[in-house]
Amino acid sequence: MYERFTDRARKVMQLANQEAQNFNHEYIGTEHLLFGLIKEGSGVAANVLMNLDVDLRKIRLEVEKLIQGGPEIVSLGKLPQTPTLKKVIEYSMDEARSLGHNYIGTEHILLGMLREQESVAGYVLMNLGLKLENVREEVLNLVGYRAIRGAGRADQSPASPSSHVPLSAIHRALWEHEYLADSFSSSAIEIPAELARVMNASLEVVQRHRAANTIFNGERKLNDAVIAELATVGYWGMLTPPEFGGCGGSLSAVLSFLTRVATFDPTVAGLFSVHSCIGPVNMLVHFGSPEQQGRLLPPLARGERLGAFGLTEPNAGSDLTALRTTAVMDGDDYVVHGEKLFITNLLPGRTLGLVCKIEEVPAVMIVELPAVETPEFHLVRYGLHSLQHTHNHGCVFRGLRVPTANRLLPPRGDGLQIAYHGLNRGRAALCANAAGTLRVMLANMLPWVRFRQTHGAAIGTRELVLRRLGRMAELIFGCDALAAWAAGVLDRGGRGEMEAIVAKTFAADALHEAAVELCLKTHGGRAFLVGHPLGDQLHDYLAPSIYEGENEVLLLAFFKALVKPRIMRLIEPSPGESESTQPSFLKSLLKPLFGRFFEQPEGSFPTTVTSANDETALALADQFVRFARQIELAMQSEQAGVANQQLLMAALARDVARVTVAAVVHHTVVPTALDRTALSQGLIAEAVAMNDQEPAANSHHADLPRQLHQCRLGERILAGEWPELEALATTPIMQTYPQEN
Ligand SMILES: Cc1cc2nc3c(=O)[nH]c(=O)nc-3n(C[C@H](O)[C@H](O)[C@H](O)COP(=O)(O)OP(=O)(O)OC[C@H]3O[C@@H](n4cnc5c(N)ncnc54)[C@H](O)[C@@H]3O)c2cc1C
């Protein structure tokens, strides 16, 4: 029964037994379990209870009011459980199931306990002045899931106000030493019939226009007819709930579809993400009031209006504290002044999710732009090498009036919370789009390496070239797995910030590497011919490193998100405790945080692996703990100065991101023609070998086995073992010549 219990959860059960014996009780009840949860001291449940100011002394007083001690002599050993406790254990399993976890942790036990109000533990908590639903919400926030209010449909609103940073799978592997294989995986995707119909019809539209060469207009921008036909079949409403005219697909389902769309046309896939993920659809679905949703979503779902996302300004890109666009209330309107830059899909008549400042605080408004340029709103035009098939403009606002009813109010924080919420989805979508784009890049390599002969043999027989094909396949598999994983976390209500950054930075680096290191070298001089798919789109492969956050700047954000829960726990005063009684940041950082790591003998790590005990999982779990130790050591030696050590932070973040990628490709099951082990091996080896200090591992030979493995993969792809690639339309080889023989 307890085989799926984590080590901490088992310890809780043992402590509950011990506590019953301390009371001389002949049974274990929910009150003993409550003691066990607190005494365990480091799990999610203990943290939630401590944060809520529930301590052993207070519980003991309350329990003693409700229950008397037992007789002097009781039997030692394992005591029987009360029926209520048994029910709580069953509930905890149920809670784990509904969160998609196949292990039982202390958080599930606490959630199970909260469901049984008619219990001693329930009364104790209520007598301490706690509302059980608030405790539940705290637990869900801490594990990264929003509260599910009411029966049936999950509440679409974001997590309620809380000072806690949700624990992602990465946090748990680093700081809790709980490497939970399931949390790095993603579940099978369900595609309801209506969504499948929309998907098939949308693909038909794109394929037909591609075949007829009508996908772009004379300016080489996406044709209005394509946009309108996609609207007719429901493409633009795939993520909008049915009550507002869409078909309410899950992000996982839609992103896996966007990968397919990108194999036909990445612009159509990218525009969907701008409209629905970073743009106004997501903003309204998650942050709009019912009135705003009912009024503004249907035209977006029907594709009568397309969306854009207006954050960047000439003076504010990476630094959002520098935003200058303002909105000032005047009667029933806000009056907007300012300038935006680099806004994809910005045209008159579009619906803009505008990030601006209202009374110095970042805010978001949905702006239905006028149908034509006006003195209050006009475009700033420039040439742009990347995203050549969509419009991208700046704009100037000079007193544009926007109804106050169009301002979105986040339940916590300022308007940037709304922008980040969409960016998390956009970054996952970027990764899904890259998975399709990389497929087309690889598909275009195959006919060429079969055709091109040098020194009497096709270049596709050479190791240097075969390795590139294998590496391309690994990158594609990585993007597939990461997009599915990040989307799964977001679908389950997780915050997804770290997952989305890992997915986005991996995908953008993959496109960069594929273009410059793999495809360019393989296509040789022809890559520079006008009309060659690589040369013509080179900027499109490089731009994802910059938009939606430049990759290295994102790594710094990732680092901060990594260490935040660790630091928060130390610097946040617990309820009732004043700031002044807290040890200073640095003092508190040093001892409790690092003490136990110094006591660890070199090379041994306090790793807990649950739910996957294979060799690779163990090695990856060890890597997480190793990096946790390195981060803590760095923070100890640099102290607050670590915030200025960008190279160090980026390097540590990159290491953790790489091992995360390895964990995701190891555990994620995404459908693929080639076997998963072959596709994931290289990415895993990259992560596991990273910290090997042996001189041999750092020599230039160390990477040979991995490269040879990539060659074998390349051979299999060339032999046609990935039929999906052979079916993709490719650009004819340029400057061809008759082959000898
Ligand atoms: C094709 C394309 C499409 C885009 N679409 C949109 C859109 O639809 N909506 C939108 O709002 N924006 C959009 N953008 C803007 C994009 O998000 C920004 O370009 C990006 O966030 C970087 O901002 P920036 O260009 O102002 O870079 P800057 O802020 O000028 O930074 C330049 C570089 O300096 C470095 N740097 C900056 N700050 C730091 C720091 N603190 N520490 C270390 N290094 C630092 C980084 O390497 C950074 O890349 C788009 C951009 C492009 C190229």
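**Note on the predicted model**

1. His455 sits in the loop between strand 10 (453-454) and strand 11 (457-458), where strands (E, at least two residues) and helices (H or I, at least four) are DSSP runs numbered from the N terminus. Its phi is near 50°, a positive value in a residue other than glycine. With a relative accessible area of 80%, His455 is exposed; the classes are buried under 20%, exposed over 50% and partly exposed in between, with a 1.4 Å probe and protein chains only.

2. This is a predicted model, in which local features need pLDDT of at least 70 and side-chain atom pairs count only at pLDDT 80 or more, while totals for chains, interfaces and linings use all residues. Residues are numbered from 1 along each chain as its sequence is written, and side-chain values use heavy atoms, with hydrogens and water left out.

3. A second residue with an unusual backbone angle deserves a look beside His455. Asp53, which is not a glycine, has a positive phi of about 70°, and its place is in the loop between helix 3 (44-51) and helix 4. Asp53 is partly exposed, its relative accessible area being 32%. As background, most residues other than glycine have a negative phi.

4. On the overall makeup, the chain's secondary structure comes to 27 helices and 12 strands, and 56% of its 741 residues count as buried. Among the contacts (heavy atoms within 4.5 Å) with a separation of 6 or more, residues 24 or more positions apart account for 73%.

5. Helix 14 (residues 280-287) is mostly covered, since 8 of its 8 residues are buried. The buried residues of helix 14 include the polar side chains of Asn282 and His286, in company with Pro280, Val281, Met283, Leu284, Val285 and Phe287.

6. The axes of helix 12 (residues 251-264) and helix 13 (residues 266-278) come within 6 Å and cross at roughly 150°; axes are lines fitted to C-alpha atoms, for helices over the stretch in contact, and angles run from 0 to 180 degrees between N-to-C directions. That angle makes helix 12 roughly antiparallel to helix 13, on a scale where under 35 degrees is roughly parallel, over 145 roughly antiparallel, 65 to 115 roughly perpendicular and the rest oblique. Helix 12 contributes Leu251, Val254, Leu258, Val261, Ala262 and Phe264 to the contact, and helix 13 contributes Pro266, Val268, Ala269, Phe272 and Cys277. These residues divide into 11 nonpolar, no polar and no charged, where Ala, Val, Leu, Ile, Met, Phe, Trp, Tyr, Cys and Pro count as nonpolar, Asp, Glu, Lys and Arg as charged, and the others, Gly among them, as polar.

7. Another helix pair has a mixed contact. The axes of helix 17 (residues 463-491) and helix 24 (residues 676-689) come within 9 Å and cross at roughly 90°, and the two helices are therefore roughly perpendicular to each other. In the contact, Arg471, Ala473, Glu474, Phe477 and Gly478 of helix 17 meet Arg676, Leu679, Ser680, Gly682, Leu683 and Glu686 of helix 24, a set that divides into 4 nonpolar, 3 polar and 4 charged residues.

8. No disulfide, meaning a pair of cysteine sulfur atoms within 2.5 Å, turns up in a search of the whole structure, the count being 0. Cys479 is accordingly in no disulfide, and the nearest cysteine sulfur, that of Cys431, is 4.3 Å away. Cys479 counts as buried at 0% relative accessibility, and Cys247 also counts as buried, at 15%.

9. The whole structure holds 12 aromatic pairs, that is, rings of Phe, Tyr and Trp (its six-membered ring) with centres within 6.5 Å, called stacked if the planes are under 30 degrees apart, edge-to-face if over 60 and tilted otherwise. The rings of Tyr2 and Phe5 have centres 4.7 Å apart and planes at 90°, so this pair is edge-to-face; Tyr2 counts as partly exposed at 23% relative accessibility, whereas Phe5 counts as buried at 2%. Elsewhere, ring pairs link Tyr179, Phe184, Trp485 and Phe624 into a cluster.

10. Two loop residues are buried. Ser545, in the loop between helix 19 (533-542) and helix 20 (551-571), is buried with a relative accessible area of 12%. Leaving aside neighbours within four places in sequence, Ser545 is in contact with Lys504, Ala508, His512, Glu550 and Asn551; the C-alpha atoms of Ser545 and His512, 33 residues apart along the chain, are separated by 7.8 Å. Thr82, in the loop between helix 4 (56-66) and helix 5 (83-98), is buried at 18%, and with the same neighbours left aside Thr82 is in contact with Tyr27, Ile28 and Gly29.
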